[in-house]
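Colleague: I'm new to this one and would love a close look at a single part. Could you walk me through one hairpin and what surrounds it?

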Amino acid sequence: MLVSMPTSATAARLFVYGTLKRGFANPWSRRLWAEAMFLGPATICGRLYDFGPYPALVETGRKDEVVHGEVAALRRPGLLQDLDAYEGPQFARVLRPVRIEDGAALDAWVYVFRGPLGQARLVAGGRWPVQ
């Protein structure tokens with residue numbers, strides 16, 4: 001199957017680390033991956049917190065703290081506006097560098113948590129779901 005990539009690759013990449021990853025049963029994950037191509041596993045600098053039903057990425061500026069996830073290449077970049085509504089007001093979509101499995105860096109959109117952490121637990125190792 002031939003996949004046509006959007007003209008602006010940067011605007012069409014999304015790093016996901018929680019309920020939007022492949023294989024999750026929620027409708028938004030299924031919708032994302034129906035409209036995206038898997039580019040591979042990746043990491044981003046930050047800390048991951050577990051809120052129970054979902055995780056939250058918090059930026060720290062420290063290169064020794066990483067969150068693991070996946071990069072999607074969106075076939076329809078307009079999907080990002082729909083995902084903004086799903087993520088809600090406590091998450092901001094920002095463009096950040098991510099490191100893919102082969103070590104190369106690329107820019108991708110990511111949802112960063114901007115709300116209070118409350119009783120959220122730090123996820124050691126930066127992988128969600130916590131096993």
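Modeller: Let's start at the turn: in the hairpin of S3 and S4, four residues lie between the strands, and Gly52 takes a positive phi near 95°. Strands here are DSSP runs of E with at least two residues, numbered from the N terminus. Please keep in mind that this is a predicted model, where local features need pLDDT of at least 70, side-chain atom pairs count only at pLDDT 80 or more, and totals for chains, interfaces and linings use all residues. Residues are numbered from 1 along each chain as its sequence is written, and side-chain values use heavy atoms, with hydrogens and water left out.

Now to the two arms. S3 covers residues 47–50 and S4 covers residues 55–58, and four bridges hold them in an antiparallel pairing; two strands count as paired if DSSP finds at least two bridges between them. Across this pair, Arg47 stands opposite Val58.

S3 has another partner to show you: strand S8 (residues 121–122) runs antiparallel to S3, joined by two bridges. There, Tyr49 has Leu122 as its bridge partner. Follow the chain into the segment after S8 and you come to Pro129. The peptide bond leading to Pro129 from Trp128 is cis, with omega near 5°.

For another antiparallel pairing, look at S1 and strand S5 (residues 66–74), which share four bridges. Arg13 is matched with Ala73 of S5. Strand S1 (residues 13–16) is covered on both faces, with Arg13 and Phe15 buried on one side and Leu14 and Val16 buried on the other. Buried means under 20% relative accessible area, with exposed over 50% and partly exposed in between (1.4 Å probe, protein chains only).
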